Amino acid sequence: MGGAAVALLAATRRSSIPLVTSSLPRAARGLHEAAAAAGEDKARTRRRRSSSSSFLGPDITDTWDPPPRPAASPLPPRAAGVDYESTATIIDGKSIAEDIRLQVAEEVLQMKNAVGHVPGLAVVLVGDRKDSQSYVRFKVKGCEEVGIKSLLAELPRNCTEDEVVDSVSRFNEDPSVHGVLVQLPLPQHMDEQKILNAISLDKDVDGFHPLNVGNLALRSRKPLFVSCAAKACLELLLQSGIDLMGKHVTIIGRSKVVGLPTSLLLQRHHATVSVIHAYTENPEEITRGSDIVISAAGVANLVRGSWLKQGAVVIDVGTNPVEDPASDFGYRLTGDVCFEEAVNVASAITPVPGGVGPVTIAMLLANTLDSAKRVYGLSD
Ligand code: GUN
């Protein structure tokens with residue numbers, strides 16, 4: 001049963017008890033109110049149960065309210081750094097990414113010599129979000145480093161959905177482009193699904209197309225592309241010699257970019273996977289029972305040292321800007337995991353920055369190369 005279905009079931013069971021809704025997180029309150037309303041009319045509930053929208057669960061977003069943990073200790077000072085008791089290996093994403101880039105660069109050169117073409121990646125960036133602009137800069141720079149051609153369409157925030165779809169369609173039809181990526185998030189007035197649907201299945205280097213996600217979910221099938229962040233998490237674990245078979249992995253967050261595809265990929269590696277989200281009760285209990293914790297919630301310092309069992313492996317996908325007057329930009333990037341605490345509990349941990357980020361970009365280059373190899377008949 002899916003996480004949302006479990007949450008709804010739990011809420012429905014409690015619906016006869018008067019609810020003090022103001023103490024519940026905003027979105028959870030919505031769930032409880034929906035469940036109470038559902039209990040009012042049995043006939044209506046029966047009708048709703050048979051309709052596909054109720055079967056698929058309410059479509060509510062994951063809003064992580066500040067965790068209600070008054071007893072939690074204050075964050076340690078950042079300057080405290082890694083203390084001498086720390087036994088955790090710091091997983092070096094930069095060096096793993098460098099190895100992947102070297103391999104991609106070599107194959108790009110071989111392709112150029114064999115067929116006279118190089119892979120091409122097209123990126124569509126809408127609006128002027130600073131974080132998206134810098135991610136796209138990293139992607140373009142990554143392409144340059146390995147000899148992949150990059151094309152960038154920049155559209156203003158107030159452009160129309162049709163203009164974005166037109167850009168995507170032009171790239172779909174361009175034979176020198178083997179991968180098309182629309183940088184997310186899109187401005188709020190845009191229908192993300194409509195725009196992502198416009199990307200050709202065989203150029204979907206993000207792996208967001210329903211057929212790619214579906215084939216990833218069905219174990220004997222082979223998706224054309226798998227999400228770059230999910231591949232990065234796996235690569236970091238495998239390169240660090242972490243055994244996955246039968247291990248309990250908890251993933252925090254269920255996005256299509258990270259949480260969902262990572263959970264599917266890990267199951268193909270025979271891990272036992274828990275996916276927790278903004279409506280999960282007692283998330284700490286679940287993470288504390290886990291051999292591996294992968295956090296992609298987008299909440300700075302959500303995962304404290306007390307959330308981890310001794311010797312756990314921690315993969316931190318979060319890149320959250322936090323104010324830092326000492327930094328040149330007035331802010332710095334920090335992960336979902338309180339590094340200073342976790343490093344004293346974990347056996348291995350990825351830093352932020354320098355962990356998942358560079359490997360994710362390297363995987364995008366690898367996906368683009370794979371796509372071009374398919375086109376030119378060079379796949380294994
Ligand atoms: N925004 C943040 N991460 C990603 C990603 O992996 N792909 C796209 N398209 N947008 C993103």
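This report describes the fold, the ligand shell, the nonpolar core and selected helices of a predicted model.

## Overall architecture

The model is predicted, and its chain contains 14 helices and eleven strands. Of the 380 residues of the chain, 37% count as buried. Among contacts with a separation of 6 or more, 68% join residues that lie 24 or more positions apart.

## The six-stranded sheet

Six strands form an open sheet in the order β1-β11-β8-β7-β5-β6, and their pairing is parallel. The edges of this sheet are β1 (89–90) and β6 (272–276), each of which pairs on one side only. At the β6 edge, strand β5 (residues 248–252) runs parallel to β6 and is paired with it over five bridges. Within this pairing, V249 has V273 of β6 as its bridge partner.

Further into the strand order, β7 (residues 292–295) and β8 pair in the parallel sense over four bridges, with I292 opposite V313 in β8. Strand β8 (residues 313–316) directs V313 and I315 one way and V314 and D316 the other way, and all of these residues are buried. The charged residue D316 is thus among the buried positions of β8. Strand β8 is also joined to β11 (residues 348–349) by two bridges, again in parallel; here V314 has I349 of β11 as its bridge partner.

## Strand β4 and the ligand shell

Strand β4 pairs with strand β2 (residues 120–126) in the parallel sense over four bridges, and V124 stands opposite V182 in β4. From β4, G179 and L181 point one way while V180 and V182 point the other way, and all are buried.

Which residues surround the ligand? The shell consists of L181, V182, Q183, L184, D206, C228, A229 and V257. By character, these divide into six nonpolar residues, one polar and one charged. Two elements, β4 (179–182) and α10 (228–239), each supply at least two residues of the shell. L181 and V182, which point opposite ways from β4, both belong to the shell.

## The nonpolar core

In soluble globular proteins, nonpolar side chains tend to be buried together. The largest nonpolar core in this model has 83 residues. Those with the most contacts inside it are C233, L236, I294, V314, A342, A346 and L365. Helix α14 (residues 356–375) gives the most to this core, contributing ten residues.

I294 illustrates how separate parts of the chain meet in the core. Leaving out residues up to four places away in sequence, I294 touches C233, V249, I251, T262, I315 and V317. One of these, C233, is itself among the residues with the most contacts in the core.

## Helices α10 and α11

Helix α10 has twelve residues and spans 16 Å from its first C-alpha to its last, close to the 16 Å expected at 1.5 Å a residue. Ten of the twelve residues are buried, so α10 is largely enclosed by the rest of the structure. The buried residues are C228, A229, A230, K231, A232, C233, L234, E235, L236 and L237. They pack against α5 (93–115), α11 (259–268), β7, β8 and α14. Just after α10, G241 adopts a positive phi of about 70°.

Helix α11 is likewise largely enclosed by the rest of the structure, because eight of its ten residues are buried. Its buried residues are G259, L260, P261, T262, S263, L264, L265 and L266. What covers these residues includes α9 (210–217), α10, β5, β6 and β7. Just after α11, H270 takes a positive phi of about 65°.

## Glycine 357 in helix α14

Is G357, a residue of helix α14, buried or exposed? G357 counts as buried because it has 22 C-beta neighbours inside 10 Å, where 20 or more are required. Leaving aside neighbours within four places in sequence, G357 is in contact with G93 and T319. G357 and C233 are 124 residues apart along the chain, and their C-alpha atoms are separated by 9.8 Å. C233 is one of the buried residues of α10, a helix whose buried residues pack against α14 among other elements.

Technical notes
Residues numbered from 1 in each chain as written. Predicted model: local features only at pLDDT ≥ 70, side-chain atom pairs only at ≥ 80, totals over all residues. Near = placed C-beta within 6 Å. Nonpolar A, V, L, I, M, F, W, Y, C, P; charged D, E, K, R; others polar. Core = buried A, V, L, I, M, F, W, Y, C linked by C-beta atoms within 7 Å. Contact = placed C-beta atoms within 7 Å. Pairing = 2+ DSSP bridges. Expected span 1.5 Å × (residues − 1).
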